Amino acid sequence: MVNWSNYKTVFLIIILAPLLSLNKERWGFTGHKQINRIAVFTLPNELIVFYKTYIDYITDHSVDPDKRRHSVQFEAPKHYIDLEFYCPNFPDNFDSIPKKWKDAVSKYSEDSLYSYGIVPWHVSLMKFKLQKAFEAKDYDQILKISSDIGHYIADAHVPLHTTKNYNGQLSNQKGIHSLWESRLVETHLSDMKLLTGKAFYIDDISAFIWKAVYSSHLALDSVFNFEKECSKNIGETNKYTIEERGRSTIKTYSKSFTNCYYEKLDGMVERRLKASIVAVGSIWYSAWVDAGQPKLDANIKLKKQNEEVQRIISTHKIRNCD
Ligand SMILES: [Zn+2]
């Protein structure tokens, strides 16, 4: 006898499979927003008043770099680094990767850098730009760059943003990117304790962000192996489920599979989120210190061209979460 429920499952998998081939562009909007928002509360008194006033802007705009990823030239490589290209025998010779952009261009060529990703170099550049914005007291730029740099710092903390196998496409684990950074965050956010210590001064931003990339890449074995173990334990049939999202139906990872993976990772997602939060706060803080600790006015009138900021501020109430 024909088992129509099996046919239905096969049909849905064929039709909906493309939904699982997500890209390498995001912590998931939830993750990015949480990171920028909570980072505000790591700041010292001299900065927190200003950042709290604009916390909704910094939260909402944490995802801008992903939104413009496909429309702005050279945007995409700012979000990742395929470390296998720069360091084929990782961790051996990791220190020999040129940390200065000019040296990296001489060694690899600009074309290669933009092909294989530049996130750590870009964070250093953005920190310098943020420092300049503080020096000039250019409030529009301070807010814009703070939001953007939070995104890139967070991406550098995601293991799958540091490998050419970014979506498990080379290991028959397609979909793992959004599983790790979106699905797990969305399903387990309420279990996570995301309060971190205070922001601290970082005198060598480049060394700091390269260390974050190193830790991210080091975690990849667990990211891939535990997914395989859970696939084996749960079985292909029970690995996925169909969910209604508004008016659409999507195929996604099942609750039992997601729980298995989250538990095996043993707090990894929470640890990477927390490391991102304190890194974002600390880099904002370090840029401000290096700019000479200018006194910031929380009641500034922003320039006309940044009307969007005004709109967001006027439509959101400032919420305190500490
Ligand atoms: Zn991104």
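Buried, in what follows, means under 20% relative accessible area. By that cut-off, buried residues make up 52% of the 322 residues in this protein. What you have on screen is a predicted model.

I'll start with confidence. The average pLDDT of the protein is 88, and 85% of the residues reach at least 70. Two stretches fall well outside that description. Over residues 1-25 the pLDDT is below 50, although the model gives this stretch 38 contacts beyond near neighbours in sequence. Residues 315-322 also stay under 50, with 14 contacts beyond four places in sequence. Where pLDDT is low, the predicted coordinates should not be read in detail. I will leave both stretches there.

Now the overall build. The protein has 17 helices and two strands. Among contacts with a separation of 6 or more, 77% are between residues 24 or more positions apart.

The two strands first. Strand β1 covers residues 240-245 and strand β2 covers residues 248-253; they run antiparallel and are joined by six bridges. Together they make a hairpin with two residues between the strands. In that turn, G246 has a positive phi of about 65°. Y240, in the pairing, stands opposite Y253 of β2. The ring of Y240 also has a charge over it: the charged end of K251 sits 3.8 Å from the ring centre.

Next, the salt bridges. How many does a search of the whole structure find? Eleven. Side chains of opposite charge can pair when their charged atoms come close. I'll take R68 as the main example. Its side chain meets that of E75 in a salt bridge, 3.0 Å from N to O. E75 counts as buried because its relative accessibility is 2%. R68 also forms a salt bridge with D148, again listed at 3.0 Å, N to O. D148 is in helix α10, residues 139-156, while R68 is in the loop between α5 (64-67) and α6 (83-86), so this pair ties together parts that are 80 residues apart in sequence. At 5% relative accessibility, D148 counts as buried too.

A local case, for contrast, is E236 with K239. Their closest N and O atoms are 4.0 Å apart. Both residues lie in helix α14, residues 236-239, and they are three residues apart, about one turn of the helix. Is E236 buried or exposed? E236 is exposed, because its relative accessible area is 52%. K239, at 5% relative accessibility, counts as buried. Going back to the R68 group, salt bridges with shared partners join R68, E75, K78, K144 and D148 into one network.

Now the aromatics. The count comes to 22 aromatic pairs. One of them is F50 with Y139: the ring centres are 5.6 Å apart and the planes stand at 40°, so the pair is tilted. F50 is in helix α3, residues 45-53, and Y139 is in helix α10, so the pair ties together parts that are 89 residues apart in sequence. Both F50 and Y139 are buried.

Another pair is F74 with Y114, where the ring centres are 4.6 Å apart and the planes are at 35°, so this pair is tilted as well. It links distant parts of the chain, with F74 in the loop between α5 and α6 and Y114 in helix α8 (residues 110-116), 40 residues apart. As for accessibility, F74 counts as partly exposed at 42%. Y114 is partly exposed at 24%.

F74 and Y114 belong to a cluster linked by ring pairs. The other members are F85, Y86, F90, F94, W101, Y108, Y116, W121, W210 and Y214. W210 has a further partner: the charged end of K99 sits over its ring, 5.1 Å from the centre.

Last, a single residue. S282 lies in helix α16, residues 268-290. Why does S282 count as buried? Because its relative accessibility is 0%. Leaving out residues up to four places away in sequence, S282 touches A199, F200 and I202.

To recap: the hairpin is β1 with β2, the salt-bridge network includes R68 and D148, and the aromatic cluster includes F74, Y114 and W210. The stretches to leave alone are residues 1-25 and residues 315-322, since low pLDDT is where coordinates should not be read in detail.

How values were computed. Residues numbered from 1 in each chain as written. Heavy atoms only, no water. Helix = DSSP H or I, 4+ residues; strand = E, 2+ residues; numbered from the N terminus. Buried < 20%, exposed > 50% of the residue type's maximum accessible area, 1.4 Å probe, protein only. Contact = heavy atoms within 4.5 Å. pLDDT = per-residue confidence, 0-100. Phe/Tyr/Trp six-rings, centres within 6.5 Å; stacked < 30°, edge-to-face > 60°. Lys NZ or Arg CZ within 6 Å of the ring centre and 35° of its normal. Pairing = 2+ DSSP bridges.
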